[in-house]
Amino acid sequence: MTEPGDEVRAAVITISTSLSRGEGEDASGPALVAFAERLGARVVDHETIPDERELIEGRLRWWSDHGGCELVLTTGGTGFSPDDVTPEATRAAIDREAPGIPEAMRAASREHTSKWMLSRGVAGTRGRTLIVNFPGNPPSIEQTGAAIADALPHALALLAREDSAHE
């Protein structure tokens, strides 16, 4: 995804209190793992955690700072429910927002649902890691992922560069 021979390591985090307790089957996490693999990333872990702001923020920081991941993708917790705190946790963990990514994701959802504007997902960078919040609905992962798939390898390549020159 970056330079030939370079491997992008990715972590996928499903954010759901009920799924973290073993209630139900996670469909969105595996869909997001498949998306990352289609991008050419090696998914080093897929974990499920509850909707707890401090825990989410801590996991995003850990995967960026210590887990060796250039890409961290989350699914779930981006809606209007009181326990949907993924965007707030992500904003607390990132250094810089990348507003075009969630804008493109919401725009892609518009043709599929009249509720597209209710997604509060964000994206941004922490050091050399790109963090992107996806919705918790598996079909939405496909739809929104398609909208950003071409841009992500370039974004990751820019983050990986030692200099800041653009081609």
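This report covers one helix, the nonpolar cores and some salt bridges of a predicted model.

**Helix α3**

Helix α3 spans residues 53-65. Its 13 residues reach 18 Å from the first C-alpha to the last, close to the 18 Å expected. Ile56, Glu57, Leu60, Trp63 and Ser64 are buried in α3. Viewed down the axis of α3, the buried residues fall within an arc of 135°, so they line one face of the helix. They pack against β1, β2, β3, α4, β5 and β6.

**Nonpolar cores**

The largest nonpolar core has 25 residues. Leu73, Ile101, Val132 and Phe134 touch the most other members. Helix α2 (28-38) is among the elements that give two or more residues to this core. In fact α2 gives the most, with five residues. Phe134 has contacts that include Leu32, Phe35, Leu73, Met105 and Ile148. A second, separate core of 14 residues includes Ile56 and Trp63, both of which are buried residues of α3.

**Salt bridges**

The count comes to eight salt bridges. The table gives three pairs, including two with a residue from α3.

| Pair | N to O distance |
|---|---|
| Glu57 and Arg61 | 2.9 Å |
| Asp65 and Arg126 | 2.7 Å |
| Glu88 and Arg120 | 2.7 Å |

Glu57 and Arg61 are four residues apart in α3, so about one helical turn separates them. Glu57 is buried at 18% relative accessible area, while Arg61 is partly exposed at 28%.

Asp65 in α3 and Arg126 in strand β5 are 61 residues apart. Asp65 is partly exposed at 40%; Arg126 is buried at 13%.

Glu88 lies in helix α4 and Arg120 in the loop between α5 and β5, so this pair ties together parts 32 residues apart in sequence.

Methods. Residues are numbered from 1 along each chain as its sequence is written. This is a predicted model: local features need pLDDT of at least 70, side-chain atom pairs count only at pLDDT 80 or more; totals for chains, interfaces and linings use all residues. Side-chain values use heavy atoms; hydrogens and water are left out. The expected span of a helix is 1.5 Å times one less than its number of residues. Buried means under 20% relative accessible area, exposed over 50%, partly exposed in between (1.4 Å probe, protein chains only). The arc is that of the directions from the helix axis to the C-beta atoms. Contact means heavy atoms within 4.5 Å. A nonpolar core is a set of buried Ala, Val, Leu, Ile, Met, Phe, Trp, Tyr and Cys residues joined through side-chain atoms within 4.5 Å. A salt bridge is a side-chain nitrogen of Lys or Arg within 4 Å of a carboxyl oxygen of Asp or Glu. Lists of a residue's contacts leave out its neighbours within four places in sequence.
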